[in-house]
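Reader: I'd like a close look at one helix and how it sits within the rest of the model. Could you start from that helix and work outwards?

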Amino acid sequence: MMRRSSSTRNHVRALLPQVALGIGAALGVAGRADAAASAQAELGRQIFFDTALSASGRLACASCHSPAHAYGPPDGAPVRKGGAGLDQPGLRAVPSLRYVLNRTPVWSKPFISSPTERLLEGDEPPAGGFGWDGRFDTLEAQAASPLLASNEMANRDPEEVTHKLAAAPYAELFKRVFGATIFADPEEAFAGAREALARFELEDPSFHPYRSKYDDYLDGRVSLSAQERRGLTLFDDVRGGSCAACHLDRKGADGSHPLFTDYQFEALGVPRNAQIPANADPDFHDEGLCGPLRNDQSGQKNYCGLFKTPGLRNVATRRVFFHNGRLHTLKEALQFYVRRDTHPSQWYPATGGVLDKFDDQPRNERGNIDVIDAPLTRSVGQAPVWTDAQIDDVIAFLETLTDRDATPAAPDPAADVASPAPSLSVSKLHLQR
Amino acid sequence: MGMRTWSVTLLATAAAGMFSAGIARTHSDGITTDVARIRHVFIIVLENKNYTDTFGTSTQDPYLQKTLVPMGALLTQYYGTGHVSLDNYISMISGQAPTPDTVDDCIPGLTGTLGNYDDVTQTGWAPQGQVVATGGCIYPARVRTLVDQMTQVGLSWRGYMEDMGNDPARENASCGHPVIGVRTDRTNTAEAPSTAVPLGDAYATRHNPFVYFHSIIDSKSCKKNVVNLTHLQADLAQQSTTPNLVFITPNLCNDGHDGAGTGATGTTCANGQPGGLTSADEFLQTWVPRILASPAYREDGLLIVTFDESTYGAVTSSRNTTTGQTTVDITYAGQTCCDQQPGPNLSGVRPSTTTLVTTPTVVQNLVFAGFGGDRIGAVLVSPFIIPGSTSATPYNHYGLLRSLEDIFHVGGYLGYAADDPRAGYHLDTIGNDEAIFQHP
């Protein structure tokens, strides 16, 4: 739909102060000559910030997808709470909405005809779709979920949403965009609201500002420091971290800047997070692509435990990492990659003296977890592919991906350790849980 | 870097004198059939099917089997020149045998999303103009191709690549290729539709031979001549706008590479189409009538439909009951015809056994028992063909190149399309096949 251009970036610079104003700010829409589409986007913006659409009256899309935090979570809480009393916890960490929305492909798993090529170059995991499990092919479909989910905005049905839309300050704008009688048809009005949200997310420049040091570096305007360059080299090294194999970091053929994801699914074996109330039930497992939130792939047991690869732009501002928000600092997250297999007791509990590696995955499905791609190929007794100093180098590089308007998230308000140490010991990890 | 470039240039210059490397050899175009009248050739290359499947047991390609075969000629002993894809396309237009990388589609380790698109590292020349290389994918400018030969004699050509440039971040819409470098090729997997790329992008660089030669990509003609398939219909409108050589590569779904062809859940292409021979057949049903109705074809045309390679892969597995480890062997027969030679770069690469994956539970071995591309077959349709004819004369992609060089009277043969009298090497040319072509 919209591709980044220098003119778009100029719009971004002009509009960023207005983004900060929040509701009521007169945001323009860059790159669109279609007045109707722009009106939809403006309507979507007002819906995005409207807390009155939630059962609690205190939760908007922007509450979890905070514009000041690159449309990611404002703090380090592993999951957000919703519902009428804002006391119903979610299941997964909030992803950033910046950059990836217009380029996220529909969920697919290409099937390669040749059995041999299928086992060789073609046997890639599924890719695409919105959400950690890719269960929504369109933003319009995705938008229905938070509006109706009992642990989010908790509306009973489209009729209740429509009732609130009809009473909103932007009801007249809604009618101008979708017709004077739109509120007489709740399903149509509900669809219109979702369409408007999608237009806002796709069109508004604040979702794709490209105002990071790395963007400037790619455009030749600045140089990376020696440490940042070392970090980039480590990030790219196929025999080391091999991060760029999934988090693509190079310019496209048209000079477009990278989004640091290939949208593919991956099973990393992130440790179970006791901070998520659902995990109090030992029989409960969030297995991503094969359920429980997604149910059309539940029969594909080889998909269990796979979650979509997120983009890494603004990752250094986050305080919650991976699908279950188990880790709270970037250093921890990088340590997990390189020490998961060399020092598994740092991450997983022991049961009866036996380490329960990959404890968040049912035992009979742990074979799905990646042990063949670097850096996930080592074993106990081997050295991690990165030293702590090298991890600091990679962090320095990842910090170049932070947009200049992105604010670092606050710590997890519920954590009993305000600021977790970069290198957690087992005991500290257990304390956090 | 500078030193390496200098050294390669020096070697190439020296070798050129020894072997006439890359230089077309003179010959007489002694075509004995009506092929002598052909001035427009249309080639459609599909992917990865066995001859016995395509022209025998499959029920997914009724148009190919029941319309095109009776309408034209079936070459029953046509072979691919290698596995896994790219080396076949390269042999078709240059006569070059694989480098250690092109034989693996320039995908490091033959696994993963990101492929290489980097220069061939040439160390010398071998007989019949073969580049000796330690690796790499893009041939240096002095390695010539069929389209260079055609240009030299004033003939036109175009490569029509379906989906190329649908996602301009992956590749340009004309002369589309990745940025030259290691791990720069993102086209190994089809991209499903998104808001930014509503049609998705199933272009695969490795199925476009033209962008693997500096003689082409460094030329302005590349952007003019290597274009998206959407240009073809307009080009077919008049004889004067139809190139003498029309080379068509469907996208990964429509060439049969992706999808099982059944439409069953979990077996489709990235865009949801059935793929396999089903989508390939639908592609042929769409485009072949347009080609056959074009003024250029009707005047002096020849349509060739073939595949890059077969998929004679046998997959066998055995379990070690002591260790619990299952060993999976994926085996290509790699059969050849026509006294095909492996070329100078395949020592230790073909035949070979490579372990792709080793885990406590699984070992995956890739076994190439030979260096050929196995039997694929080809269908030829032309006003000058004897309808419903067949030929059991063996051909391969080098033979196709030789045949095109004869048809277009380009004045010589490239690479393994050329004879090697010292080795008694000689390929048949399709134009002399009296089993399928009419006599003047």
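How many residues of helix α11 (residues 397-407) of chain B are buried?

Author: Happy to walk you through it. This is a predicted model, so local features are given only at pLDDT of at least 70 and side-chain atom pairs count only at 80 or more, while totals for chains, interfaces and linings use all residues. Residues are numbered from 1 along each chain as its sequence is written, and chains are lettered from A and ligands numbered from 1 in the order in which they are written.

To your question: 11 of the 11 residues of α11(B) are buried, so the helix is largely enclosed by the rest of the structure. Buried means that 20 or more other C-beta atoms lie within 10 Å of a residue's own; 12 or fewer make it exposed, anything in between partly exposed, and the C-beta atoms are placed from the backbone. Helices (H or I, at least four residues) and strands (E, at least two) are DSSP runs, numbered from the N terminus. The buried set includes Leu400(B), Leu401(B), Leu404(B) and Ile407(B), but also His397(B), Arg402(B), Glu405(B) and Asp406(B).

What surrounds the helix? Its buried residues pack against β1 (40-46), α4 (86-94), α5 (146-152) and β18 (395-396) of chain B. Contact here means that two C-beta atoms, placed from the backbone, lie within 7 Å. Just after α11(B) comes His409(B), with a positive phi near 50°. Most residues other than glycine have a negative phi, and most peptide bonds are trans.

Follow the helix towards β1(B) and you meet Val41(B). Setting aside neighbours within four places in sequence, Val41(B) is in contact with Leu404(B) and Ile407(B), and also with Leu245(B), Leu302(B) and Ile304(B).

Val41(B) and Leu401(B) also turn up among the residues with the most contacts inside the largest nonpolar core, which has 125 residues. Such a core is a set of buried Ala, Val, Leu, Ile, Met, Phe, Trp, Tyr and Cys residues joined through C-beta atoms within 7 Å. Helix α9 (residues 276-292) of chain B gives the largest share, seven residues. Domain 1 (6-207) and domain 2 (211-433) of chain A both contribute residues too, so the core lies between them; the domain bounds come from an automatic or database assignment. Apart from this core lies another, of 74 residues, including Leu91(A), Val94(A) and Phe207(A).

Strand β1(B) also leads you into a sheet. This open sheet has eight strands in the order β9-β7-β10-β1-β11-β16-β2-β17 (chain B), with mixed pairing; two strands pair if DSSP finds at least two bridges between them. At the edges are β9 (226-228) and β17 (389-391) of chain B, each pairing on one side only. From one strand to the next the twist averages 20°, taking axes as lines fitted to C-alpha atoms, for helices over the stretch in contact, with angles from 0 to 180 degrees between N-to-C directions. Helix α3 (residues 62-71) of chain B packs on the sheet, touching β2 (73-75), β11 (301-307) and β16 (378-381) of chain B, and its direction makes about 55° with that of β16(B). At one end of the strand order, β7 (residues 157-161) of chain B runs parallel to β9(B) over three bridges, and Tyr160(B) has Val227(B) as its bridge partner.

A loop elsewhere in chain B is also worth a visit. Between β13 (326-332) and β14 (352-358) lies Pro351(B), and the peptide bond from Arg350(B) to Pro351(B) is cis, with omega near -10°. The same loop, between β13 and β14, holds Cys338(B), whose phi is positive, about 65°, although it is not a glycine. Cys338(B) counts as buried, with 22 C-beta neighbours inside 10 Å. Asp339(B) sits in the loop between β13 and β14 as well; its phi is about 55°, again positive in a residue that is not a glycine. Asp339(B) is partly exposed, with 14 other C-beta atoms within 10 Å.
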